[in-house]
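Here are some exercises to work through with the model open beside you. Try each task first, then follow the solution step by step.

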Amino acid sequence: MVALKFPCWRPFFGCFFVCLFGLPLFAQSLPNGPGKETFESVCSLCHAPTAPMGKQWTQSQWETKVTEMLQEEPDVTPEERAAIVAYLSANFKPGGKIYINKARAKDLETAFEIPTADAEAIVRYRQQNGDFKTLDDLKKVTGLDISKIQVKKDLLEF
Ligand code: HEC
């Protein structure tokens, strides 16, 4: 009886943690707004929907990217595509928020105008130590010129 208990509970706990902690955290990291649900369901087919979080693109750049991403998804309707482009261009736009814990190295490089090696150091630090919580955490990244980050501190989103 006792021996059976652990294997029976284990799948429950696995699901419990993924459902209660994993998914909401994941979902919360994306900004809310019209088109979010369409974006999440369509753009999570091949990769995490966090891929755009770090881009500061114009509407026409997003139109091009969405068309490129969905060339092999003919079932996505023009209305859904428009909703996705609207969501992306409202939230990941020039001068918009910089998602320091989600952005890819090359997007950090562009957003902060820092060298490739520094952008990669930010991502590496994040992978090894977990999410940045404050601007001070960024001071711990070896070699990073913090003044470059401070210039855009108001755009930082943790
Ligand atoms: C059919 C599979 C597929 C779908 C559906 C898809 N993507 Fe992608 N996406 C990829 C692949 C493959 C890459 C390149 C690998 C990577 O960077 O992760 C990519 C990369 C990206 C990148 C990073 C590109 C860069 O230059 O940094 C963005 C942004 C992106 N996708 C956005 C989207 C959006 C928005 C949608 C929904 C409209 C979407 N993707 C749907 C396959 C897909």
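## Exercise 1: The core

In the largest nonpolar core, which has 22 residues, Phe39, Ile84, Leu88, Ala103 and Leu108 touch the most other members. A nonpolar core here is a set of buried Ala, Val, Leu, Ile, Met, Phe, Trp, Tyr and Cys residues joined through C-beta atoms within 7 Å.

Before going on, some ground rules. This is a predicted model, where local features need pLDDT of at least 70, side-chain atom pairs count only at pLDDT 80 or more, and totals for chains, interfaces and linings use all residues. Residues are numbered from 1 along each chain as its sequence is written.

**Task.** Work out which elements give two or more residues to this core, and which gives the most.

**Solution.**
- Step 1. Look for the contributors: H2, H3, H4, strand E1 (98–99), helix H5 (105–112) and helix H6 (116–129) each give two or more residues. Helices (H or I, at least four residues) and strands (E, at least two) are DSSP runs, numbered from the N terminus.
- Step 2. Pick the top giver: that's H4, with 4 residues.
- Step 3. Check the domains: at least three core residues come from each of domain 1 (33–96) and domain 2 (98–157). Those bounds come from an automatic or database domain assignment.
- Step 4. Zoom in on one member: leaving out residues up to four places away in sequence, Leu88 touches Phe39, Pro52 and Trp62. Contact means that the C-beta atoms of two residues, placed from the backbone, lie within 7 Å.

## Exercise 2: The whole chain

**Task.** Find how many helices and strands there are, and what order they come in.

**Solution.**
- Step 1. Count the elements: the protein has 8 helices and 2 strands.
- Step 2. Read them off from the N terminus: α-α-α-α-β-α-α-α-α-β.
- Step 3. Ask what share is buried: 18% of the 158 residues. Buried means 20 or more other C-beta atoms within 10 Å of the residue's own, exposed means 12 or fewer, and partly exposed is in between, with C-beta atoms placed from the backbone.
- Step 4. Turn to contacts with a separation of 6 or more: 66% of them join residues 24 or more positions apart.

## Exercise 3: Helix H4 and its partners

**Task.** Compare the expected span of H4 with the distance between its end C-alpha atoms, then find which helices its buried residues pack against.

**Solution.**
- Step 1. Get the expected span, which is 1.5 Å times one less than the number of residues. The 14 residues of H4 (78–91) should therefore span 20 Å, and the end C-alpha atoms are indeed 20 Å apart.
- Step 2. List the buried residues: Ile84, Val85, Tyr87, Leu88, Ser89 and Asn91.
- Step 3. Recall a bit of helix geometry: an α-helix has 3.6 residues a turn, so residues three or four places apart point the same way.
- Step 4. Name the partners: the buried residues of H4 pack against helix H2 (36–43) and helix H3 (59–69).
- Step 5. Try a residue of H2: Val42 lies there, and Val42 is buried because 20 other C-beta atoms lie within 10 Å. Beyond its neighbours within four places in sequence, Val42 contacts Val76, Glu80 and Ile84.
- Step 6. Try one of H3: Glu63 sits in that helix and is partly exposed, with 17 C-beta neighbours inside 10 Å. The C-alpha atoms of Glu63 and Val85 are 6.0 Å apart, though 22 residues separate them along the chain.

## Exercise 4: A loop residue

**Task.** Is Pro34 buried or exposed, and which residues does Pro34 contact beyond its neighbours within four places in sequence?

**Solution.**
- Step 1. Place Pro34: in the loop between helix H1 (2–28) and H2.
- Step 2. Count neighbours: Pro34 has 11 C-beta neighbours inside 10 Å, so Pro34 counts as exposed.
- Step 3. Find the contacts: Ala86 and Tyr87. The C-alpha atoms of Pro34 and Ala86 are separated by 7.9 Å, with their positions 52 residues apart along the chain.

## Exercise 5: Around the ligand

**Task.** Sort the residues around the ligand by class and by element.

**Solution.**
- Step 1. Start with the 17 residues around the ligand: Cys43, Leu45, Cys46, Ala51 and Met69 come nearest. A residue is near when its C-beta atom, placed from the backbone, lies within 6 Å.
- Step 2. Group by element: H2, H3 and H4 give two or more residues to this shell, and H3 has the largest share, 3 residues.
- Step 3. Group by class: 11 are nonpolar, 1 is polar and 5 are charged. Ala, Val, Leu, Ile, Met, Phe, Trp, Tyr, Cys and Pro count as nonpolar, Asp, Glu, Lys and Arg as charged, and the others, Gly among them, as polar.
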